[in-house]
Amino acid sequence: MFDLSRAIALWRLECLRAGITSPEVLDELESHLREELEQQSTSGTISQKSFDVAVQNLGKTGALRNEFRKINRRPTAVERLMIGICVILVAFIILLSGVTVLLCYARWPERLVAATAVASILIVAFGWKRVVLFLPVISHSGARWAAGLACIASGFILSSSFCNYILPHFESGPDHQLPAIGPWAVLMIAVFSCAGIGLLMSERERRMWGLAKPSNMEPKNEG
Amino acid sequence: MLTKELVAASTEPLILSLLSQGESYGYALIQEVKRLSGNRIEWADGMLYPVLHRMEREGWIESRWGESETGRRRKYYSLKKDGKKALKDQRDQWVAVSTVFKQLWKEQYV
């Protein structure tokens with residue numbers, strides 16, 4: 001007696017071994033397979049032969065894997081190199097910031113204020129991807145560029161105003177050394193630049209970079 | 001039978017056109033194309049799904065898991081706003097090609 005459940009489980013295992021690992025893709029292919037078997041079996045019974053024909057019609061697992069890989073391709077060597085460089089740069093920035101905070105600020109409260117600013121900048125840098133989801137998508141290209149660049153410029157203007165008009169009130173000592181509140185000016189540039197870059201992205205670009213709102217495509221946990 | 005290249009080139013506009021008539025699922029799309037073309041267009045069954053996934057990533061179509069009449073899980077696809085635009089663009093291109101052929105062959109066979 002042909003055991004369909006076992007045959008499907010073995011076929012899924014074969015797909016997994018071939019490199020088709022996404023459960024959603026496997027579920028969809030299995031659904032297709034069952035559809036085909038349902039159409040083939042007029043008497044209601046499914047034989048090993050009809051199962052083999054359905055699997056054959058679906059295509060070779062290796063070819064299927066290659067087609068899916070074209071969509072969900074992994075980063076190329078150049079992209080991996082760029083990611084590596086970014087990691088080194090971030091590590092260097094954290095190290096430099098830590099040394100600066102320790103050497104430039106003598107008192108611990110100042111160090112704490114400066115370190116909080118540096119931490120906030122890093123949170124903005126790493127978390128902006130999530131915030132982009134909530135930024136409006138401007139469909140008109142010209143308006144998108146205008147809004148994005150205006151947002152980036154606003155960060156620099158606000159930061160400059162902060163340094164020129166607000167910061168001098170906090171300057172202490174004869175050496176006019178900038179107090180720990182200085183790094184907060186950089187945070188303004190970071191926040192507005194990230195928002196500006198988000199606004200500059202079209203819907204297509206957001207999808208390409210995985211920054212679009214997820215659509216209603218989650219499979220329901222049925223059966 | 002159509003050539004592999006022509007089948008590949010016509011896959012996206014065919015899917016968009018079929019989905020413009022209402023939501024559907026992979027197996028039904030394959031059968032419908034087979035029926036409409038009189039078995040002259042035959043997609044390799046499994047190869048349709050990477051195309052559907054790519055089109056979904058492009059934002060042309062969207063999917064949802066539903067149930068078949070027999071209660072089996074089935075993934076339905078439907079056209080999105082961008083898909084309608086893409087369909088219009090692709091239809092214009094195919095109509096342009098078709099018009100040229102019609103005129104050329106009409107002149108030849110008159």
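At roughly what angle do the axes of helix 7 and helix 8 of chain A cross? Keep that in mind while you set up the view; the model on screen is predicted.

**Stop 1: two helices in chain A**

Select residues 141–166 of chain A, which are helix 7, and then residues 183–200, which are helix 8. Their axes cross at roughly 175° and come within 7 Å of each other. An angle over 145 degrees counts as roughly antiparallel, so helix 7 and helix 8 of chain A are described in that way. Now look at the residues in the contact between these two helices: 18 are nonpolar, six are polar and one is charged.

**Stop 2: a hairpin in chain B**

Move to chain B and select strand 2, residues 61–67, together with strand 3, residues 73–79. The two strands are antiparallel and are paired over seven bridges. Five residues lie between them, and the whole forms a hairpin. In the turn, pick B:G71, which has a positive phi of about 90°.

**Stop 3: the other neighbour of strand 3**

Add residues 24–25 of chain B, which make up strand 1. Strand 1 runs antiparallel to strand 3 of chain B, and two bridges join them. Click on B:Y77 in strand 3: B:S24 is its bridge partner from strand 1, while B:S63 also stands opposite B:Y77.

**Stop 4: the faces of strand 3**

Is strand 3 of chain B largely enclosed or open? Seven of its seven residues are buried, so strand 3 of chain B is largely enclosed by the rest of the structure. Colour B:R73, B:K75, B:Y77 and B:L79 to mark one side, then B:R74, B:Y76 and B:S78 to mark the other. Both faces are covered.

Technical notes: Residues are numbered from 1 along each chain as its sequence is written. Chains are lettered from A and ligands numbered from 1 in the order in which they are written. This is a predicted model: local features need pLDDT of at least 70, side-chain atom pairs count only at pLDDT 80 or more; totals for chains, interfaces and linings use all residues. Side-chain values use heavy atoms; hydrogens and water are left out. Buried means under 20% relative accessible area, exposed over 50%, partly exposed in between (1.4 Å probe, protein chains only). Helices (H or I, at least four residues) and strands (E, at least two) are DSSP runs, numbered from the N terminus. Two strands pair if DSSP finds at least two bridges between them. Axes are lines fitted to C-alpha atoms, for helices over the stretch in contact, and angles run from 0 to 180 degrees between N-to-C directions. Angles under 35 degrees count as roughly parallel, over 145 as roughly antiparallel, 65 to 115 as roughly perpendicular and the rest as oblique. Ala, Val, Leu, Ile, Met, Phe, Trp, Tyr, Cys and Pro count as nonpolar, Asp, Glu, Lys and Arg as charged, and the others, Gly among them, as polar.
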